[in-house]
Structures are given as structure tokens and as C-alpha cells.
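Got the model open in your viewer? Let's walk through it one selection at a time.

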Amino acid sequence: MVISVSEDVFRLAEVFTISRGSRTEAKVLTVRVARDGVTGWGECVPYARYGETLESVAAQVRGLPGGIDRVALQDALPAGAARNAVDCALWDLEAKQTGRRVWDLAGLAAPQPVITAFTLSLGEPDAMEAAARKHAHRPLLKIKLGTPDDMARLEAVRRGAPDAPIIVDANEGWSAEVYSDLAPHLVRLGVQLVEQPLPAGADDLLGEIARPLPVCADESCHDRASLPALKGKYDVVNIKLDKTGGLTEALALRDAARAQEYGVMVGCMVGSSLAMAPAVLVAQGAQVVDLDGPLLLAEDRDQPLQYDAAGVHAPAAALWG
């Protein structure tokens, strides 16, 4: 088996801003595993927040032995972007070699379409109100916040989309004091969930302050090893394949989270349909789905995922799995 990795760049439809910065393109790594004339592939998005770069993740992939399988991979690489792309490529390879869909190989039911959030990036209140009005027809809006001055943004988005269900992602940008001040207004404005209001290293405070709406762990939850530290602080966990290190651990984390009575959200980094495809399997039955990466792009893979009124559909075999 031969493992190769390359960089791909996808232009975004608009500038995308969160509390940590802005971007105009999605830079991803594409991993291919080839054996006996068959090639499987997967995608990851290295994330600086977790100490990853395109170069460091590519080096991790290139350092793997050629004959590695999914079981050995779980110990060969830590949870993160590199293991994700290789794990998903190995699933795709097996699907192509056997002529079976990945969900059959994993013992899962055929995935059905799932409603996904659409993300409004951080901006000035007037710009966020205009964006909310433009996308008010969508079944779920996700608002990027994470500054001490977010009240005006919340009010603006609600004016722009008075009836839309809303979730909020602070990306670790608030203090306990700011969140406590905002929380009653989140409830008043009909926000259904808040992601990672406090920095991951300071989230013990969530166990000491009121949580009047569900709080979701994102940066604080990577894989099953994260779960014990979340007790009493979070109600929901956000499963992203670039954090879990692939589909294999994502499915295991989903089952473990449910067994421990956490709600499940399935999210994504900003990537192409290839990155979202395996996450659609994990998203089955999730309380919240945020797999809108391709909707934020100006260009995508061939055979992209289908998005319509029913939500995001399972990938075509020509794309993945």
C-alpha cells in the first residue's frame, strides 16, 4: 500500500471570521492510499489552535508505514487531523475494494439526509443583521461570536432573522463574567445552544455558574478520553473528525457520549465535501448538525455532497465511501 498526501486550496464564497481571525480560502490536505490499483482518499484541515500546520500534519502522514491498517493507525498517530485523513482514506479504500458502502462495513443503517446549520461569521452588527436576513430561510443558523461586545450582534441577528432557530459559537472568546451576563439574553432571544463559551483551560467555571441553556464542548472535547473531564460542565459534545482523528474514533465517541447521557452535535472545520462525507454517517440521530463547510465555498470537489430542503445527503460512491 502506498500513502501519499497533497495540499488543496478551495476559495471561500465570502470572508469567514471567528474570534481567532479571518480567512478567504480553505487549505486542506488530501491523503490517498493505493493498493492493487484501487485508491481511497480522505481530507483533513490542520488547525493552528491544536498546534497543527499543513507541514506538520503532512509529515505525520508521510511517516506512517505503508501497510498500516485502521486498527494499528489508532495507536500510530494521536487524535487529530493527520489520523483523520488516513482513517477516512482507509475506510474509502476498503469500500472500493469490496464494492460495499462504508456504512455497511461499519454495521450502520444507510444514512438519511440531516438538517445542517448554516454559519454566519463574526462581523459588525449591521453586517451580521444583513447576513441573517439573507439566510433567514435556512432551518438553523449558527452565529460566530466571542468578544465582550456581542450583545449588539445578537440583537442584530435576531432582527434579521426573527423566526430562525439559532445556536451560538463563542470559540472560547468569553470570560465567565461575560457569559453569565449574556446567558439570560441568549435565552430571551431564543438561542438553543451555546458552544464553548469559555477557554478550554478555564472551563471548570462552567460547573460553578448557572447554565440556563445547553452548553456544548468543542475545543474541550476531542475523543473519548475527553469525556470524564466534561462532567458537570457541559451538556452536549461537538464531534469533529479532525479532532477525533477519523471516522473510527468519531463513531466510538458518539456511542460513548450517548451512553454517558451527553447530547451529540456533529460539526466540521471549513473544508470540502470530501471532509464532510464521513461526518454525515456520524451525524445520524444527532441533536445538532453543523456540516455546512461546502456551503461556505466558492468551489468544491467533483461529485460534491447534495444539500437541499431535506438537509445534507449521504455521499455518492464517486465522492467517498
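## Start around helix α6

The buried residues of α6 are covered by elements that include β4, α5, β5 (141-144), β6 (166-169), α7 (176-188) and β7 (191-195). Before you go further, keep in mind that this is a predicted model.

Select helix α6, residues 151-160. Which of its residues are buried? Colour R153, L154, A156, V157, R158 and G160: these are the buried ones in α6. As you look along the helix, a general point helps: an α-helix has 3.6 residues a turn, so residues three or four places apart point the same way.

Now add helix α5, residues 125-134. The axes of α5 and α6 lie 7 Å apart, and the two helices pack at an angle of about 30°. Angles under 35 degrees count as roughly parallel, so that is the description that fits α5 and α6. Their crossing is right-handed.

To see where they meet, show side chains on both helices. From α5, pick P125, M128, E129, A132 and R133; from α6, pick A152, R153, A156, V157, R159 and G160. By class, this contact has six nonpolar residues, one polar and four charged. Notice that R153, A156, V157 and G160 turn up in this contact, and that they are also among the buried residues of α6.

## Next stop: the parallel sheet

Hide the side chains and switch to a cartoon view. How many strands does the open sheet with parallel pairing have? Count eight, in the order β4-β5-β6-β7-β8-β9-β10-β11. The edges are β4 (118-120) and β11 (288-289); each has a single partner strand, so one side of each has no neighbour in the sheet.

Zoom in on the β11 end. Strand β10, residues 263-266, runs parallel to β11, and two bridges join them. Select V266 and you'll find V289 of β11 opposite.

## Just past β11: D290

Step along to D290, which sits in the loop between β11 and β12 (307-308). Is D290 buried or exposed? Its relative accessible area is 2%, and the cut-off for buried is under 20%, so D290 counts as buried.

Show what surrounds D290. Leaving out residues up to four places away in sequence, D290 touches T116, A117, T119, K142, M265, V266, G267 and C268. Two of those can be tied to strands you have already visited: T119 falls within β4 (118-120), and V266 is the residue opposite V289.

## A helix pair at a different angle

Now select α3 (residues 81-98) and α9 (residues 247-259). Here the packing angle is about 95°, with the axes 8 Å apart. The range 65 to 115 degrees counts as roughly perpendicular, and α3 and α9 are therefore described that way.

Light up the contact: R83, N84, D87, C88 and W91 come from α3, while L247, T248 and E249 come from α9. Sorted by class, the contact of α3 with α9 has three nonpolar, two polar and three charged residues.

Follow the chain out of α9 into the loop that leads to β10, and stop at E261. E261 isn't a glycine, yet its phi is positive, near 70°. With a relative accessible area of 72%, E261 is exposed.

## Last stop: the strands at the start of the chain

Go back to strand β1, residues 2-18. β1 runs antiparallel to β2, and 13 bridges join them. For a sample pair, select V2 and its bridge partner A34 in β2. A hairpin through two residues links β1 to β2.

Strand β2 (residues 21-35) also pairs with β3, again antiparallel, through seven bridges. Try two pairs here: T30 stands opposite E43, and V31 has G42 as its bridge partner. While you have side chains on, recall that in a regular strand they alternate between the two faces of the sheet.

What joins β2 and β3? They form a hairpin with two residues between them, and D36 is in the turn. Like glycine-free E261 earlier, D36 is worth a click: its phi is positive, about 55°, although D36 is not a glycine. At 73% relative accessibility, D36 counts as exposed.

Finish by selecting β3, residues 38-44. Five of its seven residues are buried, so β3 is largely enclosed by the rest of the structure.

How values were computed:
Residues numbered from 1 in each chain as written. Predicted model: local features only at pLDDT ≥ 70, side-chain atom pairs only at ≥ 80, totals over all residues. Heavy atoms only, no water. Pairing = 2+ DSSP bridges. Helix = DSSP H or I, 4+ residues; strand = E, 2+ residues; numbered from the N terminus. Axes fitted to C-alpha atoms, helices over the stretch in contact; angles between N-to-C directions. Parallel < 35°, antiparallel > 145°, perpendicular 65-115°, else oblique. Left-handed = near helix turned anticlockwise from the far one by under 90°. Contact = heavy atoms within 4.5 Å. Nonpolar A, V, L, I, M, F, W, Y, C, P; charged D, E, K, R; others polar. Buried < 20%, exposed > 50% of the residue type's maximum accessible area, 1.4 Å probe, protein only.
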